[in-house]
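Student: Could you choose one sheet in this model and take me through it closely, strand by strand? After that, I would like to see what else there is to find in the chain.

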Amino acid sequence: MIIGNKRIQELRESLRGRLFLPGEEDYDGARQVFNGMINKKPALIVRCAGVADVITAVRFARETDMRVAVRGGGHNVAGNAVCDDGLVIDLSEMKSVRVDPENRTARGGGGATWGDFDHETQAFGLATTGGIVPTTGIAGLTLGGGFGFLNRKYGLSCDNLLSADVVTADGRFLKASADENEDLFWGIRGGGGNFGVVTSLEYRVHPVGPVLGGEIVYPLDQAKEVLRFYRDWSTTAPDEVRADATLLSGPHGPALAIMVCYCGAIGEGERVLQPLRSFGSPMVDTVAPVPYATVQNLLTEVFRPGLLHYWKAGLFHSFSDEAIETIVDFFAGAVPAPFAAVAIEHLGGAVSRVGPQDTAFSHRGAQHSVLVLRMWQDPVETEENIDWGRRCYRAAAPFLEEGVYVNYLGDEGEARARAAYGINYERLVKLKNKYDPTNFFRLNQNIKPAPESPTPAFQTQS
Ligand SMILES: Cc1cc2nc3c(=O)[nH]c(=O)nc-3n(C[C@H](O)[C@H](O)[C@H](O)COP(=O)(O)OP(=O)(O)OC[C@H]3O[C@@H](n4cnc5c(N)ncnc54)[C@H](O)[C@@H]3O)c2cc1C
């Protein structure tokens, strides 16, 4: 459908937020996302000022039959927060965070980042599990699950979600919680952006900080023995600690870095971390009592927006000696230019005490996640860097489950998206049939409505 100028003008006038069209000032900035590989050119970008704008944008897209992308923090490497030709519902201005210190809850807008969220909650000494790079959006991260330094103590971000406001494909405004629209509440805790635009998210927050945090860095030639120790130690470590082990090629050469956050009492943390800190001969050990914000910012400089990214992820089914041998040999045999990493993230603890079907996030048994990550600046290097990422992932693949964390997926096709939803896929399809039978929200790791689905509860407007 060709949309006339009059219709666009009506849209502009009905918004409190801003509308960006190709060729207009700031359009190019508005279409950029975190991953510099993504270069999509939407026909319209609606930067919503509030829920009313979101409802207007959803209705406009339905009436004009436009493809829709939803943008929270714009961090997802797959780049689904933007689209070619269609309409982007951009929530990046909806980022206010309100903390209720008495009831230990906090509510953030659908475009808030973890930097926004932590800033407000830490003013009261509170926090919840959230992304470890502050520019990541709370919405996209939570809807897919949500790993973070506090996940072993307090569960995933989605496990701390108390309620969310959702604008559905038919423009309705629904609250999803344990008491209202419970099925939707189940689905948005792991089912991604498939069911609607989430305009705000309310979390349980916990007293956090100071924490014992920092990095222990080893030369690459100690990587195998340190990783063997790390595996055994991290598998039995108390819930208060999360320690991620990363093989990396950074500006100071290749190394193995273990990034640690202990969120319990500092004295006890010193005792818990002592075996890890005294193993091998680290080059660097920065672990010390620090504000929670310090560990949440350890990677801020590394992950600057606009760099080009290639990611490939999995979950260990066998973190064996052989797995360590294979992955380290691959890495050491072909150390790439900065920045490349194989990050082993620490799950288990409270994450695995929630049942695989209690929320839409099903991968509750995994103790460690694996993320192969390649990041570069010059587009000329794209092919060789993607090739390295693919080869590295292939080396690790025999030790990984079929399942994968949905938020770490690139544009990897239907089978991988299904693997991400795992045993919950069929139930998610039923939910999709109910809340989005026409697949209006399809620019995501998509759950397709089933063809035999009953007649939708609402009709598409032409
Ligand atoms: C540098 C970096 C660090 C990361 N660190 C972590 C980490 O520590 N832990 C972790 O678990 N993950 C992490 N991730 C992955 C992250 O969870 C995903 O990229 C996530 O999708 C980011 O959310 P966003 O809102 O920023 O993304 P966007 O790109 O804006 O959105 C991604 C998708 O989420 C959906 N979505 C976003 N906002 C909304 C909304 N308000 N309503 C409905 N749907 C919405 C849409 O389908 C959209 O396509 C990291 C990613 C990067 C690039």
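**A sheet, strand by strand**

Tutor: Happy to! Since this is a predicted model, let's begin with confidence: the mean pLDDT over the chain is 95, and 97% of the residues reach 70 or more. One stretch calls for care, because pLDDT stays under 50 over residues 457-462. The model has eleven contacts for that stretch beyond four places in sequence. Where pLDDT is low, the predicted coordinates should not be read in detail.

Now for our sheet. In which order do its four strands lie? Reading across the open sheet, you meet β1, then β2, then β4, then β3, and the pairing is mixed. At the edges are β1, residues 18-20, and β3, residues 68-71, each of which pairs on one side only. On average, neighbouring strands of this sheet are turned by 20° against each other, ignoring direction.

Let's go closer to one edge. There, β3 pairs with β4, residues 87-90, in the parallel sense, and the pair has four bridges. To find your way along this pair, look for Val68, which stands opposite Leu87 in β4.

A helix belongs in this picture too. α3, residues 51-64, lies across β2 (44-47), β3 and β4, and runs at about 165° to β4. Between α3 and β3 there is a loop, and Asp65 sits in it. Asp65 has a positive phi of about 60°, although it is not a glycine. Here is some background for that: most residues other than glycine have a negative phi, and most peptide bonds are trans.

That background helps with two other loops as well. The peptide bond from Gly209 to Pro210 is cis, with omega near -5°. Pro210 lies in the loop that connects β11 (206-207) and β12 (211-219). Further along the chain, Pro338 and Phe339 are also joined by a cis peptide bond, with omega at about 5°. You will find Phe339 in the loop between α11 (321-333) and β18 (340-346).

Next, put a second open sheet beside our picture. Its five strands follow the order β5-β6-β10-β8-β9, and the pairing is antiparallel. Which strands stand at its edges? They are β5 (97-100) and β9 (173-177); each has a single partner strand, so one side of each is left without a neighbour in the sheet. Neighbouring strands here are turned by 15° against each other on average, direction ignored. Inside this order, β8 (residues 161-167) and β10 (residues 197-204) pair in the antiparallel sense over six bridges. A good marker is Ser163, which stands opposite Glu202 in β10.

Finally, let's turn from strands to empty space. Rolling a probe the size of a water molecule over the atoms shows where empty space is left. The second largest pocket holds about 530 Å³ of space. It is lined by 27 residues, and those closest to its centre are Ala78, Gly410, Asp411, Glu412 and Gln445. Both β17 (308-315) and α13 (414-421) supply at least two residues of this lining, and β17 gives the most, with four residues. By kind, the lining divides into ten nonpolar, eight polar and nine charged residues.

How many cavities of 30 Å³ or more does a search of the whole structure find? The search finds one. About 30 Å³ of space lies in the largest cavity. Its lining includes Gly144, Gly190, Phe361, His363 and Tyr421. While the pocket's lining has nine charged residues, the lining of the largest cavity has no charged ones, with seven nonpolar and four polar.

If you go back to where we started, try tracing β1-β2-β4-β3 across the sheet once more, and then place α3 over β2, β3 and β4.

Key:
Residues numbered from 1 in each chain as written. Predicted model: local features only at pLDDT ≥ 70, side-chain atom pairs only at ≥ 80, totals over all residues. Heavy atoms only, no water. pLDDT = per-residue confidence, 0-100. Contact = heavy atoms within 4.5 Å. Pairing = 2+ DSSP bridges. Axes fitted to C-alpha atoms, helices over the stretch in contact; angles between N-to-C directions. 1 Å grid on protein atoms, 1.4 Å probe; cavity = no way out; pocket = protein on both sides within 12 Å on 5 of 7 lines; lining within 4 Å. Points joined across faces, edges and corners; volume = space filled by probe spheres on them. Nonpolar A, V, L, I, M, F, W, Y, C, P; charged D, E, K, R; others polar.
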